[in-house]
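Colleague: I would like to go through this model with you, one element at a time. Please show the sequence and structure, and then we can start.

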Amino acid sequence: MGIRSTHQYSHTIGFFSLQGGRGFACPVDMVLDSEGLLYVLSRGSSESDEWVVAKRITVCSLSEEYLNQFSSGGIGNGEIMWPSAIAMDDAEKIYVADDALQRISIFNKQGQFLDSWGVMGSGNGEFDRPAGMAFDDDNNLLVVDGLNNRVQRYTRDGQFLGQWGRLGNRDGEFNMPWGITTDRSGYVYVADWRNDRIQKFDADGKHLSSWGTTGDGDGQFYRPSGVAVDEEGTIYVADWGNHRIQILGPDGSFYEKFRGESMLSTWALEYFTTNQDELEEREKANMEPELNLAQGNFSSDESASVEKLFWGPTTVKVDDQGRVFVVDTSRHRIQVFVKDS
């Protein structure tokens, strides 16, 4: 048996901000550029006017230096309504999937809108709630087409190249798939959300393996939403419905799981320094659930109450330095972990 990885909590990035600036509003995905800057996609949670500005891409450093934000809620060019995923190509152009507008929008790193494509439908090159995205070895874009239960492949300018998948629970079939990633060997991994499993394919879409069943035990999932693979082939799964990250070996065997260890981020600490009454109320509200957790009386429902834990983690990403980024959606933050071998 090989050495199994452990993951140590590093720090937290983010804090709730409806109006923009230093914070996120229901973030669902992120990418990291070559300079180590984060591009965090906030989905928001309402179509009311006050939430329009919540829909945005925030640019910040790993040390929480706020740099910029771009896009906003709407249906025009460069606007987003229900953004679901973000990806970056080798030229560091930014792609955003929108499951309300049924399209992919493209921006440069400065936030300038470049292009978009996509329409509602089930034919070639059409979408019904596009979700996760990843680039393959040929720099073509793989898009999870959620309610069409398939994966589509495009050139970077939106030319349709092919697809695979259909509704079902057999090998190679999907039921509302969500997250997607590729590994160094070109294999493709899909978080099959409603089937509570991860599926692995070759570069042409041929099914190779499936892992997971419905449940809350080790190696079981409840609505997995995101998947990532590191340079050693270790598989990370955002087990959304179980409020945790699970780690699998290259063969799909269970390695490890963790529930979150978040401290307050720099932005949060600065806010509570000038709002001590809110901090005291927050600590009181968290005291009883923390005690239950310490006594072993924890249930997954308490993720909504225990501040340090994940609450609906949507996406997990890994980089070549062994850092693991968990997009903790309902907490409006990103928890960062470091891998030790």
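Modeller: Arg 56, Thr 58 and Cys 60 point one way from strand 4, Ile 57, Val 59 and Ser 61 point the other way, and all are buried. Bear in mind that this is a predicted model.

Colleague: How many residues of strand 4 are buried?

Modeller: A residue counts as buried at under 20% relative accessible area. Strand 4 spans residues 56-61 and is largely enclosed by the rest of the structure, because the buried residues number 6 of the 6.

Colleague: Which residue of strand 4 is the bridge partner of Leu 37?

Modeller: Strand 3, residues 37-42, pairs with strand 4 in the antiparallel sense over 6 bridges. Leu 37 belongs to that range of strand 3, and its bridge partner in strand 4 is Ser 61.

Colleague: And in strand 5, which residue is the bridge partner of Thr 58?

Modeller: Strand 4 is also joined to strand 5, residues 66-70, by 4 bridges, and the two run antiparallel. Thr 58 points the same way from strand 4 as Arg 56 and Cys 60. The bridge partner of Thr 58 in strand 5 is Gln 69.

Colleague: Which residue in the turn between strand 4 and strand 5 has a positive phi?

Modeller: The two strands form a hairpin, with 4 residues between them. A positive phi of about 70° is found in the turn at Glu 64.

Colleague: Moving on, which strands are the edge strands of the open sheet with the order 10-11-12-13?

Modeller: That sheet has 4 strands with antiparallel pairing. An edge strand pairs on one side only, and this applies to strand 10 (130-135) and strand 13 (160-164). From one strand to the next, the twist averages 20°. The edge strands are therefore strand 10 and strand 13.

Colleague: What is the bridge partner of Gln 152 in strand 13?

Modeller: Strand 12 covers residues 150-154, and 4 bridges join it to strand 13 in an antiparallel run. Gln 152 lies within strand 12, and its partner in strand 13 is Gln 163.

Colleague: What kind of aromatic pair do Tyr 154 and Phe 160 make?

Modeller: The structure holds 20 aromatic pairs. For Tyr 154 and Phe 160, the ring centres are 5.9 Å apart and the planes stand at 75°. Planes over 60 degrees apart count as edge-to-face, so this pair is edge-to-face.

Colleague: Is Phe 160 buried or partly exposed?

Modeller: Its ring partner Tyr 154 is buried, with a relative accessible area of 1%. Phe 160 has a relative accessible area of 26%. The limit for buried is under 20%, so Phe 160 is partly exposed.

Colleague: Which residues form one aromatic cluster with Tyr 9?

Modeller: The cluster includes Tyr 9 and three Phe residues. Those partners are Phe 258, Phe 310 and Phe 337.

Colleague: In the open sheet with the order 14-15-16-17, which strands stand at the edges?

Modeller: The sheet has 4 strands and antiparallel pairing. Two of them have a single partner strand each, so one side of each is left without a neighbour in the sheet. These are strand 14 and strand 17 (207-211).

Colleague: Which residue of strand 15 does Thr 181 stand opposite?

Modeller: Strand 14 is joined to strand 15, residues 188-192, by 3 bridges, and they run antiparallel. Across from Thr 181 in strand 15 is Tyr 189.

Colleague: Thr 181 also lies by the largest pocket; how many charged residues are in the pocket's lining?

Modeller: The largest pocket holds about 1200 Å³ of space. It is lined by 35 residues, and those nearest its centre are Leu 32, Met 88, Thr 181, Val 318 and Asp 319. The lining has 15 nonpolar and 6 polar residues, and its charged residues number 14.

Colleague: Which strand gives the largest share of the lining of the largest cavity?

Modeller: There is 1 cavity of 30 Å³ or more, and the largest cavity has about 120 Å³ of space. Of its 16 lining residues, the closest to the centre are Asp 29, Gly 132, Gly 179, Ile 180 and Thr 315. Strands that give two or more residues are strand 2, strand 6, strand 10, strand 18 and strand 22. The largest share, 4 residues, comes from strand 22.

Methods: Residues are numbered from 1 along each chain as its sequence is written. This is a predicted model: local features need pLDDT of at least 70, side-chain atom pairs count only at pLDDT 80 or more; totals for chains, interfaces and linings use all residues. Side-chain values use heavy atoms; hydrogens and water are left out. Axes are lines fitted to C-alpha atoms, for helices over the stretch in contact, and angles run from 0 to 180 degrees between N-to-C directions. On a 1 Å grid over the protein atoms alone, a cavity is a set of points where a 1.4 Å probe fits but cannot get out, and a pocket is an open set with protein on both sides within 12 Å along at least five of seven lines; lining residues have an atom within 4 Å of a point. Grid points are joined across faces, edges and corners, and a volume is the space filled by probe spheres set on the points. Ala, Val, Leu, Ile, Met, Phe, Trp, Tyr, Cys and Pro count as nonpolar, Asp, Glu, Lys and Arg as charged, and the others, Gly among them, as polar. Rings of Phe, Tyr and Trp (its six-membered ring) pair if their centres lie within 6.5 Å; planes under 30 degrees apart count as stacked, over 60 as edge-to-face and the rest as tilted. Buried means under 20% relative accessible area, exposed over 50%, partly exposed in between (1.4 Å probe, protein chains only).
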